[in-house]
Every structure is written in C-alpha cells, then in structure tokens.
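Reader: Got a minute to go through a structure with me? I'd like to ask things as they come up.

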Amino acid sequence: MFETRQRAAASVWLTGCRNRKLPAMILALTFLLGFQLAGEVTARTLGLTLPGPVLGMVFLLIALVLIPRLAALVRSAADGLLAHLSLLFVPAGVGVVGHLDRLGTSGGPILLAIVVSTVLAIAVGALTFVGVARLTGSRDD
Amino acid sequence: MTDFAEIWTYLARDPLLWLATTLAAYAVGDALFRASGRKPIVNPVLIAVVFLAGLLWVTATPYADYFEGAQFVHFMLGPATVALAVPLHANLARVRATLLPILAALLAGAVTAIGSALGIAWALGVQGEALLSLAPKSATAPVALGISEQIGGSPTLTAVLVILTGITGAVVATPLLNALRIRDWRARGFATGVAAHGIGTARAFQVNETAGAFAGVGMGLNAVLTALLAPLVIRAFL
C-alpha cells in the first residue's frame with residue numbers, strides 16, 4: 001500500500017509537472033504507455049494468460065483509486081483514444097482478406113453463433129441484473 | 001515526368017500510403033455513419049474494412065505490406081485498453097452502489113456470450129482456429145485481439161467477429177430489451193456493454209445517459225473477465 005508520505009510526494013510531483021507546463025498530451029501518453037509496459041512485463045514474468053494491456057488497465061485503475069489527481073493528467077490522452085476506439089480496429093479488421101476462404105466455408109455457422117449468442121447474452125445479462133437488483137433492493141436513482 | 005508505375009513502386013513499399021488510406025477510409029465511414037443519422041447498421045469500421053480490403057484486392061497488395069503502414073494505428077490499441085481504466089474509475093461510486101447486480105450480470109452475460117457462441121459454432125462443425133477466434137468476441141476490440149492471440153486463435157479473424165458482434169448488439173438491444181419489458185436503464189446499458197463492447201456502449205449512450213455509463217462499466221469489466229474466462233471455456237471444447 002501507498003504510505004501517506006509517498007502519496008503526498010507523488011501529489012507534489014504531479015503538481016510540479018503541471019506547473020512547469022509539461023505538454024499534457026505527452027505526459028498522459030507516457031503514463032498510458034508506462035502502465036502498458038508494466039502490464040506486459042508482469043504478464044510475461046509471471047507467465048499469465050491475461051494480455052499485458054489488460055493488466056495495465058487494472059494497474060491504472062488501482063493507481064487512480066490511490067491517487068485520484070492522476071485522472072486529470074491521463075484524461076486528455078484517454079478521452080482522445082477512447083473517442084476513436086473503433087478506428088484502431090480497422091487494420092486488424094482488414095486482415096479478413098486472409099480469411100475469406102475460411103469464412104466462405106464456415107461463415108454461416110459463425111454468423112449464426114454471433115447473432116444468437118449476442119441476443120442471449122444481452123437478455124441473460126439484463127434479466128440477471130434486474131433480478132439481483134430486486135433481491136438486494138438496489139434502486140435506480 | 002516520372003512514370004506512374006515508378007511512383008507506385010515507391011509508395012507501395014512506404015508506410016505512408018497505407019497509413020493515410022486507413023485514416024481516410026475511416027473518415028469516409030464515419031461521415032456516412034453521421035449522414036445516416038447514426039444508424040448502428042452503418043458501421044464506420046465495417047465500411048472502412050470493406051473498402052480497404054477491396055482496395056488491397058484490386059491492387060494485389062499483400063496484407064503484410066498494408067500492415068507496414070497500418071501498424072501505427074494498430075499499435076494504439078494497447079494504450080487504448082489501458083485508458084479504459086479512466087471511465088471505469090469515473091463511475092466507481094455507482095459501481096460500488098450496485099455491486100451485486102453488476103457482478104451477477106457480468107458473470108451471467110460473459111459466460112452466456114462465450115459459452116453459447118462456442119456451443120453453437122461447435123455444434124455446426126466449426127473447428128480449430130476459427131472456433132478459438134470466436135471465444136473473445138464480446139470483449140472490447142483491443143482486449144479481444146490480445147486474448148485471441150494468447151489462446152491460439154487468429155487476431156485478424158477475431159477483429160472481424162468482434163465488429164460483427166458489436167453491430168448485432170447495437171441493432172438488437174433496444175427491441176430485445178423492450179420485448180423483455182426491462183425498464184431499468186442500468187440493467188439495459190450494462191448487459192449491452194458486456195455483450196457488445198464499445199459499439200454497444202456507443203449505442204447505449206445514444207438512448208440514455210445512465211445506460212451509456214453502465215454500458216461503459218460493463219465493457220471494461222468484461223474485458224478483464226473474458227481474458228480470465230476464455231482460456232478456461234476453450235479448454236472445455238478442446
């Protein structure tokens with residue numbers, strides 16, 4: 001756990017970064033890449049099946065809970081990336097050109113699996129949420 | 001004047017051409033999406049992928065050459081996954097207040113998504129890499145690609161399946177949840193985010209602010225859960 005003194009020191013350092021007007025975007029990207037790097041290194045060192053960036057996300061979430069001021073620093077890059085999340089998907093999606101023959105033979109079953117499983121998952125998820133919310137008396141406010 | 005073939009030989013080897021084309025194709029897809037009044041079926045990613053795949057086919061460009069340029073966009077998937085922690089953190093208080101329904105719906109939705117997709121495809125004779133690539137299709141794009149690679153699927157095939165899942169979820173969510181008479185916006189949004197990741201979340205935000213916030217939480221949590229569950233469920237099918 002973070003000691004109070006360490007937390008105070010981190011907070012002073014963060015303020016320092018902002019006062020010296022370090023370009024916010026560069027700082028934010030450095031943080032995101034740093035957490036990704038920490039995730040990759042941890043996943044590889046421990047031989048985990050969890051992708052490095054997912055661990056990085058968990059680490060960043062923990063860091064945000066410990067040092068809420070971090071959110072303001074990371075936000076500029078995070079919002080930009082998440083607003084155009086779907087663009088980042090295009091290069092991998094174009095890789096479908098290498099799978100056209102396979103999709104030709106098993107495209108129908110795969111498509112059916114996707115549609116049916118998505119309908120089922122939404123229905124089961126929503127019904128479970130409503131059911132448990134009713135049991136625990138959780139209301140929407 | 002330099003002959004066109006010579007310019008083409010230069011461009012085809014340079015990352016610039018395919019990087020620029022990727023961004024342009026997405027911009028066109030996004031413009032069409034807006035022009036359609038943001039109909040989920042007019043998906044900018046799908047449009048860009050179809051356009052670029054057609055272009056590669058017409059110009060007989062190998063995917064590896066295309067990826068030389070497009071890798072700069074692809075690389076940003078990693079930091080984007082890390083960035084998912086920011087909206088998750090912003091909604092942490094609401095998550096804490098609804099912890100039990102969230103955890104139950106997350107587990108039920110994720111298991112249903114992975115299990116039923118694999119079960120149906122497997123029963124219809126889909127095997128090997130194609131089946132493995134299907135497992136993480138409800139997780140958000142960058143995470144799904146990483147999982148697919150880890151469990152021995154094909155990341156490029158997974159990318160296409162993830163997009164198709166997102167579009168399906170965005171199209172069916174509203175009529176389906178209306179038919180089930182579910183009025184709780186938290187439940188509607190959360191289930192859509194778990195099953196249909198970012199595309200479903202974008203759709204939920206169009207319908208209702210609360211639904212959108214909970215969809216974002218569902219997407220983030222399912223990214224972690226699918227990474228943990230997919231390898232286990234896969235083992236049951238192999």
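Reader: Which elements of chain B have the lowest and the highest mean pLDDT?

Author: This is a predicted model, so that's a fair place to begin. Helix α1 (residues 4-13) of chain B has the lowest mean pLDDT, 74. Helix α8 (residues 99-123) of chain B has the highest, 95.

Reader: And what does chain B average?

Author: Chain B averages a pLDDT of 89, and 99% of the residues score at least 70. For the complex, the predictor gives an ipTM of 0.83 and a pTM of 0.79.

Reader: OK, the fold then. How many helices and strands in chain B?

Author: Chain B has 13 helices and zero strands. As for its overall dimensions, the C-alpha trace spans about 70 × 45 × 30 Å along its principal axes.

Reader: What's the radius of gyration of chain B, next to the globule rule?

Author: The radius of gyration of chain B is 19 Å, and the globule rule gives 18 Å for 238 residues. The two are close, so chain B is as compact as a globular protein of that length.

Reader: What share of chain B is buried?

Author: Buried residues make up 55% of the 238 residues in chain B. Also, of the contacts in chain B with a separation of 6 or more, 65% are between residues 24 or more positions apart.

Reader: Now chain A. How many helices and strands there?

Author: Six helices and zero strands. In chain A, 38% of the 141 residues are buried. Taking the contacts in chain A between residues at least 6 apart in sequence, 54% join residues at least 24 apart.

Reader: Where's the kink in helix α6 of chain A?

Author: The kink lies at Ser106(A), in helix α6 (residues 100-136), and comes to about 75°. Ser106(A) sits shortly before the proline Pro109(A). Past the other end, just after α6(A), Gly137(A) takes a positive phi of about 70°.

Reader: Speaking of phi, which residue in the loop between α3 and α4 of chain B should I look at?

Author: Ala60(B), found in the loop between α3 (44-58) and α4 (63-75) of chain B. Its phi is near 50°, a positive value in a residue other than glycine.

Reader: Is Ala60(B) buried or exposed?

Author: Ala60(B) counts as exposed, because it has 7 C-beta neighbours inside 10 Å. His197(B) also has a positive phi, of about 35°, although it is not a glycine. His197(B) is found in helix α12 (residues 185-207) of chain B.

Reader: And why does His197(B) count as buried?

Author: Because it has 32 C-beta neighbours inside 10 Å, and 20 or more is enough for a residue to be buried.

Reader: Switching to the contact between the chains. How many residues come from each side?

Author: Chain B gives 94 residues and chain A gives 67 residues. Helix α11 (residues 155-179) of chain B brings the largest share of chain B's side, 15 residues.

Reader: How does the chain B side divide into nonpolar, polar and charged?

Author: The side of chain B that touches chain A has 69 nonpolar, 21 polar and four charged residues.

Reader: What about the largest nonpolar core? Which residues touch the most other members?

Author: Leu32(A), Val90(A), Ala83(B), Leu134(B) and Phe190(B), out of 121 residues in that core. The largest share of this core, 14 residues, comes from helix α13 (residues 209-237) of chain B.

Reader: What does Ala83(B) touch?

Author: Leaving out residues up to four places away in sequence, Ala83(B) touches Leu32(A), Ala77(A), Ala78(A), Leu81(A) and Leu82(A).

Reader: Last bit, the glycines of chain A. Where is Gly80(A)?

Author: Gly80(A) lies in helix α4 (residues 70-83) of chain A. It counts as partly exposed, because it has 15 C-beta neighbours inside 10 Å. Gly80(A) and Met25(A) are 55 residues apart in sequence and 9.7 Å apart in space, C-alpha to C-alpha.

Reader: And Gly47(A), buried or exposed?

Author: Gly47(A) is exposed, with 6 other C-beta atoms within 10 Å. It lies in the loop between α2 (24-46) and α3 (52-66) of chain A. The C-alpha atoms of Gly47(A) and Ala78(A) are separated by 28 Å, with the two residues 31 apart along the chain.

Terms used. Residues numbered from 1 in each chain as written. Chains lettered and ligands numbered in written order. Predicted model: local features only at pLDDT ≥ 70, side-chain atom pairs only at ≥ 80, totals over all residues. Contact = placed C-beta atoms within 7 Å. Helix = DSSP H or I, 4+ residues; strand = E, 2+ residues; numbered from the N terminus. Nonpolar A, V, L, I, M, F, W, Y, C, P; charged D, E, K, R; others polar. Buried ≥ 20, exposed ≤ 12 C-beta atoms within 10 Å, placed from the backbone. Bend = angle between axes of the 7 residues up to and from the residue. Core = buried A, V, L, I, M, F, W, Y, C linked by C-beta atoms within 7 Å. pLDDT = per-residue confidence, 0-100. Rg over C-alpha atoms; globule rule 2.2 N^0.38 Å.
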